[in-house]
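Me: Please take a close look at one part of this model and set it in the context of the whole chain. Which elements supply the lining of the largest pocket?

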Amino acid sequence: MADDYSPLEREIRRLIAVAGPVPVADYMRLCLTHPQYGYYTTREPIGASGDFITAPEVSQMFGELIGLWMAATWQEMGAPENVRLVELGPGRGTMMLDALRAAKVAKKFYAAIVLHLVEISPKLQDLQRQRFADLDVPMWWHASLAEIPDGPIMIVANEFIDALPVHQAVKQADGWHERVVAVADDGALVMRTAADALPNFDATLPRELRDSPDGSIYEWRSDTVAFDIGRRVRNDGVALIVDYGHARQGLGETLQAVADHSFADPLQAPGETDLTAHVDFATLAISADIIGARSHGPVSQRDFLKRLGIDKRAAALKASRPDKSEAIDAALARLTGTGPNEMGALFKVLAIADPKIGPLPALQERR
Ligand code: SAH
């Protein structure tokens, strides 16, 4: 019988019919990166005309300061003659374009760069190839970090981790149950909890979150990405991670769907909205430390950009383009302000590095 479901929704429903309800993380992964119908696979979602806007799309100042950070960090690394500069999830490529333009003044650093772009979406890869066509650095594209050859490495990622699948568990009388997506009797997709409790789940939680009241929700991501990054940088490498999230582990649900710059229901129109969840920076840092790398920060995006001199950069831009003064001030406020619709406090910056490297520019040591 014909139905109105999108091809992706049909596939998710078929999966549930065959194998039972799917964990929220699997649902999220299918929605975002299904090889044919995923949100990132099929769309170009970022920017004023897309579904959401990211810091590099707010202002060139963001990428430029990242470029200066890279050049200074390369010095801290001992100025290796060749460095693999890796971006995870470059999106429209704006941050890297701005960063490289700014880093070009550091001639030796610029000459050392081999660029590696890790991008799962063929569509965004195409866009990046077009936008990077005039760059005079060697560049390669990959589907995952694992494909990048050995050697001194500098990894940057903005709003990448928030798009990686997140698991949720709900506390009930007999323990924590994983949250799953199921089909209700009336045919709608609904959130449920798995019938069986996750064995020994309390023991995996930070001490202060054990014995939480019934109904509490806990979110977590697979450690794989933190371990992969940590393993790759612990000898001669540094990674810089910028994302929205919390500096401490906590309870609560943060999974959200965004379409056309407003919030939507994550179960409505799978594959057509952006799904993200807060990044748990404390857990990222711990995982990196466990694998033998060292974490630096997190610090707020506000502190990070201020320490790198964003106020001066804004003043210089305004001096050369007085007609753009208001727009530059608005962008500065968006990037560094601490209000609810601003990025300065919500976004955090964490570095993961070879323990021999440091201190790193604009990042305080964690206590
Ligand atoms: N960094 C950009 C884009 C952020 S959106 C910016 O700040 O504007 C997330 C990006 O990560 C997109 O380019 C998306 O296609 C990519 N992505 C999402 N999941 C991925 C995965 N598992 N592997 C590689 N890239 C992924």
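Reply: Contact here means heavy atoms within 4.5 Å. This is a predicted model, in which local features need pLDDT of at least 70 and side-chain atom pairs count only at pLDDT 80 or more, while totals for chains, interfaces and linings use all residues. Residues are numbered from 1 along each chain as its sequence is written, and side-chain values use heavy atoms, with hydrogens and water left out.

The setting comes first. In the protein chain, 76% of the contacts with a separation of 6 or more are between residues 24 or more positions apart. The chain has 14 helices and 16 strands, these being DSSP runs numbered from the N terminus (helices: H or I, at least four residues; strands: E, at least two). Its C-alpha trace spans about 65 × 45 × 40 Å along the principal axes. Of the 367 residues, 52% count as buried, that is, under 20% relative accessible area (exposed is over 50% and partly exposed in between, with a 1.4 Å probe and protein chains only).

The largest pocket holds about 920 Å³ of space. A pocket is an open set of points on a 1 Å grid over the protein atoms alone where a 1.4 Å probe fits, with protein on both sides within 12 Å along at least five of seven lines; lining residues have an atom within 4 Å of a point. Points are joined across faces, edges and corners, and the volume is that of probe spheres set on them. The lining comprises 41 residues, and those closest to the centre of the pocket are Thr33, Ile120, Phe160, Ala163 and Leu164.

To the question of elements: helix H2, helix H4 (55-58), strand S2 (83-88), helix H6 (94-103), helix H10 (224-233) and strand S13 (274-276) each give the lining at least two residues. By class, the lining divides into 19 nonpolar, 12 polar and 10 charged residues. Nonpolar covers Ala, Val, Leu, Ile, Met, Phe, Trp, Tyr, Cys and Pro, charged covers Asp, Glu, Lys and Arg, and the others, including Gly, are polar.

Two of these contributing helices merit separate attention. Helix H2 runs over residues 24-33 and includes Met28. Met28 is buried, at a relative accessible area of 0%. Leaving out residues up to four places away in sequence, Met28 touches Asp162, Ala163, Leu164, Pro165, Val166, Leu255, Leu275, Thr276 and Ala277. Ala163 and Leu164 in that list are also among the residues closest to the pocket centre. Met28 and Pro165 are separated by 137 residues in sequence, yet their C-alpha atoms are 5.5 Å apart in space. In helix H6, 9 of the 10 residues are buried, and H6 is thus mostly covered. Among its buried residues are Thr94, Met95, Met96, Asp98 and Ala103.

Thr33, one of the residues closest to the pocket centre, also leads to helix H3. Thr41 is placed in helix H3 and, at 14% relative accessibility, counts as buried. Apart from neighbours within four places, Thr41 is in contact with Leu32, Thr33, His34, Pro35, Gln36, Ser121, Pro122 and Lys123. Between Thr41 and Cys31, the separation is 10 residues in sequence and 9.6 Å in space, C-alpha to C-alpha.

Pro122, a contact of Thr41, brings in helix H8 (residues 122-131), whose buried residues are Leu124, Gln125, Leu127 and Gln128. These four lie on the same side of H8, because they cover an arc of only 165° around the axis, the arc being that of the directions from the helix axis to the C-beta atoms. They pack against helix H3 (39-42), strand S3 (113-118) and strand S4 (139-142).

Helix H13 (residues 310-320) offers a further case of a one-sided helix, with Ile310, Ala314 and Leu317 buried. Their arc around the axis is only 65°, which puts them on the same side of H13. An α-helix has 3.6 residues a turn, so residues three or four places apart point the same way. Their cover includes helix H5 (60-76), helix H12 (301-307) and helix H14 (325-336). On the face turned away from the buried side, H13 carries the exposed residues Lys312, Ala319 and Ser320.

Some backbone details complete the account. The peptide bond from Gly297 to Pro298 is cis, with omega near 5°, and Pro298 is in strand S15 (residues 294-300). A further cis bond joins Gly358 and Pro359, with omega about 0°. Asp260, although not a glycine, has a positive phi of about 50°; this residue is in the loop between strand S11 (256-259) and strand S12 (262-264) and is exposed, with a relative accessible area of 57%.
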